[in-house]
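Here are some exercises to work through with the sequence and the model side by side. Try each task first, then follow the solution step by step.

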Amino acid sequence: MSEHKPLRVLVYSDDRDVRAAVITALGVRPHPDLPAFEYTEVATEPVVWQQLDDARADLVILDGEATPAGGMGIARQMKDEIFNAPPVLVITGRPQDAWLATWSRAEAVVSQPLDPIHLAEVVIDLARGVLQPG
């Protein structure tokens, strides 16, 4: 699998510390069987849509606590409006908010504080789904 072009991962949060924590936890290549990850950090909702409109993301990680536009609302709108939208991971503020991520139609959810190992496991599963046709 590692011969694939880099996986384009969009990381959205209005908080640069959240974006940095996600990228640091995952690293350049979170698993040897996966291609390298190429990150695009996004701090505002309009840029998220610009990236998605230009098909510049294979996997999307959204901060559900971002303001003024939360990641759960963006995820739901993505699933409503984009045919074959990329898989989405939503980061919630607490584990009890996981049910809200279900409403958003996100494929996966993790909660704050971020556990780097759990985050990597979830993202690795999503990335493998991106690379497997069908």
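**Exercise 1.** Find out how many bridges join strand 3 to strand 4, and whether the two run parallel or antiparallel.

*Solution.* Start with strand 3 (residues 59–63) and strand 4 (residues 88–92): four bridges join them, and they run parallel. Two strands count as paired if DSSP finds at least two bridges between them. The strands themselves (E, at least two residues), like the helices (H or I, at least four), are DSSP runs numbered from the N terminus. Next, look for partners across the pair: valine 60 stands opposite valine 88 in strand 4, and aspartate 63 stands opposite isoleucine 91.

Before going on, a word on the ground rules. This is a predicted model, where local features need pLDDT of at least 70 and side-chain atom pairs count only at pLDDT 80 or more, while totals for chains, interfaces and linings use all residues. Residues are numbered from 1 along each chain as its sequence is written, and side-chain values use heavy atoms, with hydrogens and water left out.

**Exercise 2.** Put the strands of the sheet in order and pick out the edge strands.

*Solution.* The sheet is open, with five strands in the order 2-1-3-4-5 and parallel pairing. Now go to the edges: strand 2 (37–42) and strand 5 (108–111) each pair on one side only. On average, neighbouring strands here are turned by 20° against each other, direction ignored. As a side note, strands of a sheet pair through backbone hydrogen bonds, either parallel or antiparallel.

Then see what lies on the sheet. Helix 5 (residues 116–131) packs there and touches strand 1 (7–12), strand 2, strand 3, strand 4 and strand 5. The direction of helix 5 makes about 165° with that of strand 5. Angles run from 0 to 180 degrees between N-to-C directions, and axes are lines fitted to C-alpha atoms, for helices over the stretch in contact. Touching, or contact, means heavy atoms within 4.5 Å.

**Exercise 3.** Why does strand 4 count as largely enclosed?

*Solution.* Go through strand 4 by side: Val88, Val90 and Thr92 point one way, Leu89 and Ile91 the other way, and all are buried. Buried means under 20% relative accessible area, exposed over 50%, and partly exposed in between (1.4 Å probe, protein chains only). Since five of the five residues are buried, strand 4 is largely enclosed by the rest of the structure.

Now step across to strand 5. Four bridges join strand 4 to strand 5, again a parallel pair, and leucine 89 stands opposite alanine 108. Strand 5 has a covered face, made of Ala108 and Val110, and an uncovered one with Val109 and Ser111.

**Exercise 4.** Work out how helix 1 packs with helix 5, and which residues make the contact.

*Solution.* Helix 1 (residues 16–26) and helix 5 pack at an angle of about 75°, with their axes 9 Å apart. That makes helix 1 roughly perpendicular to helix 5. (Angles of 65 to 115 degrees count as roughly perpendicular, under 35 as roughly parallel, over 145 as roughly antiparallel and the rest as oblique.) Val22, Ala25 and Leu26 of helix 1 make the contact with Pro116, Leu119, Ala120 and Val123 of helix 5. Sort those residues by class and you get seven nonpolar, no polar and no charged. Here Ala, Val, Leu, Ile, Met, Phe, Trp, Tyr, Cys and Pro count as nonpolar, Asp, Glu, Lys and Arg as charged, and the others, Gly among them, as polar.

**Exercise 5.** Do the same for helix 2 and helix 3, then say where glutamine 77 sits.

*Solution.* Helix 2 (residues 45–53) and helix 3 pack at about 30°, with axes 12 Å apart. That makes helix 2 roughly parallel to helix 3. From helix 2 come Glu45, Val48, Trp49 and Leu52, which meet Ile74, Gln77 and Met78 in helix 3. By class, this contact has five nonpolar, one polar and one charged residues.

Finally, zoom in on glutamine 77, which has its place in helix 3 (residues 71–81). Glutamine 77 counts as partly exposed, at 29% relative accessibility. Leaving aside neighbours within four places in sequence, glutamine 77 is in contact with Glu45 and Trp49.
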